[in-house]
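Have the model open in your viewer and keep the selection tool at hand. Each stop below says what to select next and what is there.

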Amino acid sequence: MNKGLIKVVGTTGVALTLTACSSFFTDHSNDYQQEAGTHHTLEVPAGSIESKDALVIPNENDIADLNNPEPFETPRAPFVYYPMDKVAFAEQDTSVTYTLNTKAADAKQIVVDFLTALHGAGQSVASQTDDTITSIPFDFHPQGWWASLWSDITRVHPAKTAFFFQFNETDGVTTVTLQYREVEQGDEQTINWQSPMSNHDAESVAVRLWGTFGRQLNQSSAYLSNSKDGVAAFPIWVDHQGMYAIYLGKNLSEAEFEAKLNASGIYLMPGDEKLLAPVPADKVARVGDVIDFTLPLGADGKEQKLFNVYRRDLDDVSWQEREYPYQITQQKAGNFLVVDVSALENPEIASFRIAQRFVK
């Protein structure tokens, strides 16, 4: 018998077997469709409340009806602000200083961690002693391929920024002095150490370090359940992006809010929009203002007025002369004043300057 005939005979046998099984055994697969439920009457004592088989929804009357469905929007977590420990900040001619209520060793560790986060992978500290730290030169404006090639041809490379920290501890209080310098071609071709407030990149690092000091020193009160002392001690809080918010307390009235702003040298702008400024409304620079068009005369700072023009933008206006949108954000700890300074080229600097107005 060949293989083809064996397959035919086998298939026929299986089919006959299945047909015979279905003839002898009853199919009960659909029996449940004809079954009826068994109902029993519940016997209860006389005077009992009648039972009802109904779905009970808690607080059903408080649930709003969905009348006009809208496209779903992914919810975003609100910015979370963290309390800061009190850190005094002072500016000198050639440096800035931070006064911390901690030991020098703790302050040094915070600085090392800060520089590591600023630099990323690799070594961020060039040298350090018991009371000093010198960072490597940071490149805050990395070049593209063509710009890098041109710098190699001309041998004129952009300057990098290095930082110098000095620590002085007295009775558990540490003073940290910060300076910066620009490194042009190498360590041997540098300018003298000077105040970071004279350079935008260095100033951004200095104001960010202020928030890092305050947050790290008050790390134990980052949880809101332990933040009572931090709230009472220092009104400035900081978020994870280095932007600052002002703690206003709880249940603050509008009059109390305006009085707190005026006491800090901040003014509310008239109108329906929520705007504030570091100067009165009549001194705020706005697009469309009539201003003088002048030309410089020599190196002595004198200028010659030519004619009047309308201000087209605010690029040449300092942060003090601008107005900023604001909002009051509510968190578990209370209400916070959040000033939107995102329109500026260096928003962290303006956020720091505004926050300093509220430091007593």
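Start with Asn 199 in this predicted model. Asn 199 caps the N-terminal end of helix 4. Show its side chain: an oxygen there lies 2.9 Å from the backbone nitrogen of Asp 201.

Now select helix 4 itself, residues 200-217. The helix has 18 residues. From its first C-alpha to its last it reaches 26 Å, close to the 26 Å expected at 1.5 Å a residue. Colour it by burial. The buried residues are Ala 202, Glu 203, Ser 204, Val 205, Ala 206, Val 207, Leu 209, Trp 210, Gly 211, Phe 213 and Gly 214.

Zoom out to the whole chain for a moment. The protein chain has seven helices and 15 strands. Of its 360 residues, 32% count as buried. Its accessible surface comes to about 24,700 Å², and 51% of that belongs to carbon and sulfur atoms. Among contacts with a separation of 6 or more, 57% join residues 24 or more positions apart.

Next, the nonpolar interior. In soluble globular proteins, nonpolar side chains tend to be buried together. Here the largest nonpolar core has 54 residues. Select Tyr 98, Phe 165, Trp 210, Phe 213, Ile 236 and Leu 337, the members with the most contacts inside this core. Helix 4 gives the most to the core, with seven residues. Where does this core lie relative to domain 1 and domain 2? Both domain 1 (79-224) and domain 2 (235-359) give residues to the core, so it lies between them.

Stay with Phe 213 and display its surroundings. Leaving out residues up to four places away in sequence, Phe 213 touches Val 87, Tyr 98, Leu 100, Ala 107, Ile 110, Val 111 and Val 176. Apart from this core lies another, of seven residues. Tyr 81, Trp 237, Ala 245 and Ala 333 are among them.

Go to Tyr 81, in strand 1 (residues 81-83). Tyr 81 has a relative accessible area of 4%, so it is buried. Beyond its neighbours within four places in sequence, Tyr 81 is in contact with Trp 237, Val 238, Asp 239, Met 243, Tyr 244, Ala 245, Gln 331 and Val 338. Draw a distance from Tyr 81 to Ala 333: their C-alpha atoms are separated by 9.8 Å, although the residues are 252 apart along the chain.

Follow the contact to Val 338, in strand 15 (residues 334-339). Is Val 338 buried or exposed? Val 338 is buried, with a relative accessible area of 13%. Its contacts, apart from neighbours within four places in sequence, are Tyr 81, Ala 245, Pro 325, Tyr 326, Gln 327 and Thr 329. The C-alpha atoms of Val 338 and Gln 327 are separated by 5.5 Å, with these positions 11 residues apart along the chain counted as their separation.

Move to Thr 177 in strand 7 (residues 173-183). At 19% relative accessible area, Thr 177 is buried, because the cut-off is under 20%. Thr 177 touches Ser 95, Val 96, Thr 97, Phe 164, Phe 165 and Gln 166, not counting residues up to four places away in sequence.

Finish in the loops. Select Asp 171, between strand 6 (160-170) and strand 7. Its phi is near 55°, a positive value in a residue other than glycine. Asp 171 counts as exposed, at 78% relative accessibility. Then select Asn 59, in the loop between helix 1 (3-24) and strand 1. The phi of Asn 59 is also positive, near 55°. At 57% relative accessibility, Asn 59 counts as exposed.

How values were computed
Residues are numbered from 1 along each chain as its sequence is written. This is a predicted model: local features need pLDDT of at least 70, side-chain atom pairs count only at pLDDT 80 or more; totals for chains, interfaces and linings use all residues. Side-chain values use heavy atoms; hydrogens and water are left out. Helices (H or I, at least four residues) and strands (E, at least two) are DSSP runs, numbered from the N terminus. The expected span of a helix is 1.5 Å times one less than its number of residues. Buried means under 20% relative accessible area, exposed over 50%, partly exposed in between (1.4 Å probe, protein chains only). A polar contact is a pair of N or O atoms within 3.5 Å; within protein, one must be able to donate a hydrogen and the other to accept it, and residues adjacent in sequence count only if both atoms are side-chain atoms. Contact means heavy atoms within 4.5 Å. Accessible areas come from the Shrake-Rupley method with a 1.4 Å probe; for residues, only the protein chains shown count as cover. A nonpolar core is a set of buried Ala, Val, Leu, Ile, Met, Phe, Trp, Tyr and Cys residues joined through side-chain atoms within 4.5 Å. Domain bounds come from an automatic or database domain assignment.
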